[in-house]
Amino acid sequence: MQYSLLQLLKNICIPNQCIICHTLSDDNLCDTCILKIPHKPKLWINSHITQPPLFRPTAFTEIQYPLENSHLITVLSCTLFNDPIIRKSIHYLKYKNLPQLSNPLGGLMLRAITQAIRLQSHIILCPIPLHPKRLLFRTYNQSDLLAQYIASQLRLPVYTDLERIKNTPQQMKIHDKSERIANVKEAFIAHSKPTQNDIIILIDDVTTTLSTINEAASALYKKGFRNIHAVILAH
Ligand SMILES: [Zn+2]
């Protein structure tokens with residue numbers, strides 16, 4: 001009891017600090033450290049695309065291998081997962097109970113999106129959901145927080161009817177690509193259909209092999225979505 005009271009007092013008396021340089025920062029990541037994160041967008045474009053892609057390359061964009069056997073039309077990644085600031089920020093966002101990190105990290109995604117997107121109407125965002133059991137444990141879904149941040153800035157609606165129905169081991173702990181694909185196979189189900197001409201953008205924090213977003217895109221496709229894209233914070 002005494003320890004809890006001390007912890008409470010500490011939380012009240014000691015303001016939030018940047019997780020990198022320890023200067024005061026409400027969101028736990030200061031502007032100076034955010035500026036050190038490399039602006040390194042990567043873009044995947046489906047090889048069977050028949051229309052102008054939603055995201056177009058900028059001068060900084062690294063074009064990736066064409067997407068094949070995927071319902072995704074374009075995938076935009078905003079920065080590099082091997083950058084130490086991004087790595088630590090994502091780790092703290094997911095596992096150290098610092099949901100406010102979604103504000104500066106969502107800001108990085110917002111910058112990459114606004115630089116690359118071709119303006120369209122009927123855009124909706126769709127966070128990659130956690131399984132309800134994992135959500136209960138973590139109390140929040142980091143992808144949902146990122147999507148909510150971007151949606152609030154761009155005034156876009158958020159699709160909340162994608163459900164994770166398989167409580168699979170975390171992709172980060174699986175190193176083999178085919179095992180990652182098998183791990184998330186049919187892990188999602190979409191419950192509501194698109195309204196006419198909806199463009200849906202999946203939002204997630206990290207991808208390595210695109211397996212999770214590919215599987216989520218398949219669930220949306222089965223429900224009738226045809227214009228499916230993804231934006232990932234880091235690859
Ligand atoms: Zn800092």
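**Exercise 1. Decide whether Glu 186 is buried, partly exposed or exposed.**

Step 1. Take the cut-offs: a residue is buried if 20 or more other C-beta atoms lie within 10 Å of its own, exposed if 12 or fewer, and partly exposed in between, with C-beta atoms placed from the backbone.
Step 2. Glu 186 has 11 C-beta neighbours inside 10 Å, so it counts as exposed.
Step 3. Find its place. Glu 186 sits in the loop between H7 and E6. Helices (H or I, at least four residues) and strands (E, at least two) are DSSP runs, numbered from the N terminus.
Step 4. Check the backbone. The phi of Glu 186 is near 50°, a positive value in a residue other than glycine. Most residues other than glycine have a negative phi.

Two notes on the model. Residues are numbered from 1 along each chain as its sequence is written. The model is predicted: local features need pLDDT of at least 70, side-chain atom pairs count only at pLDDT 80 or more, and totals for chains, interfaces and linings use all residues.

**Exercise 2. Place His 122 and classify its exposure.**

Step 1. His 122 lies in the loop between helix H4 (102-116) and E4.
Step 2. Its phi is positive, near 65°, and the residue is not glycine.
Step 3. Within 10 Å of His 122 there are 14 other C-beta atoms, so this residue is partly exposed.

**Exercise 3. List what Glu 163 touches beyond its neighbours in sequence.**

Step 1. Locate Glu 163: it belongs to strand E5.
Step 2. Count its surroundings. Glu 163 has 14 C-beta neighbours inside 10 Å and therefore counts as partly exposed.
Step 3. Apply the contact rule: two residues are in contact if their C-beta atoms, placed from the backbone, lie within 7 Å.
Step 4. Leave aside neighbours within four places in sequence. Glu 163 is then in contact with Pro 129, Phe 188, Ile 189 and His 191.
Step 5. Add a C-alpha distance. His 131 is 32 residues from Glu 163 along the chain, and their C-alpha atoms are separated by 7.5 Å.

**Exercise 4. Trace the pairing of strand E7.**

Step 1. Two strands pair if DSSP finds at least two bridges between them.
Step 2. Strand E4 (residues 123-127) pairs with E7 in the parallel sense, over 5 bridges. Here Leu 125 has Ile 201 of E7 as its bridge partner.
Step 3. E7 also pairs with E8 in the parallel sense, over 6 bridges. Ile 201 has His 229 of E8 as its bridge partner.
Step 4. Judge the cover. In E7, 6 of the 8 residues are buried, and the strand is mostly covered.

**Exercise 5. Test the length of helix H8 and say how enclosed it is.**

Step 1. The expected span is 1.5 Å times one less than the number of residues.
Step 2. H8 (residues 211-222) has 12 residues, so it should span 16 Å; its end C-alpha atoms are 17 Å apart, which agrees.
Step 3. Of these 12 residues, 10 are buried, so H8 is largely enclosed by the rest of the structure. Among them are Ser 211, Ile 213, Glu 215 and Leu 220.
Step 4. Name the cover. The elements over the buried residues of H8 include strand E3 (72-79), helix H7 (177-183) and strand E8 (228-234).
Step 5. Look past the end. Gly 224 follows H8, with a positive phi near 120°.
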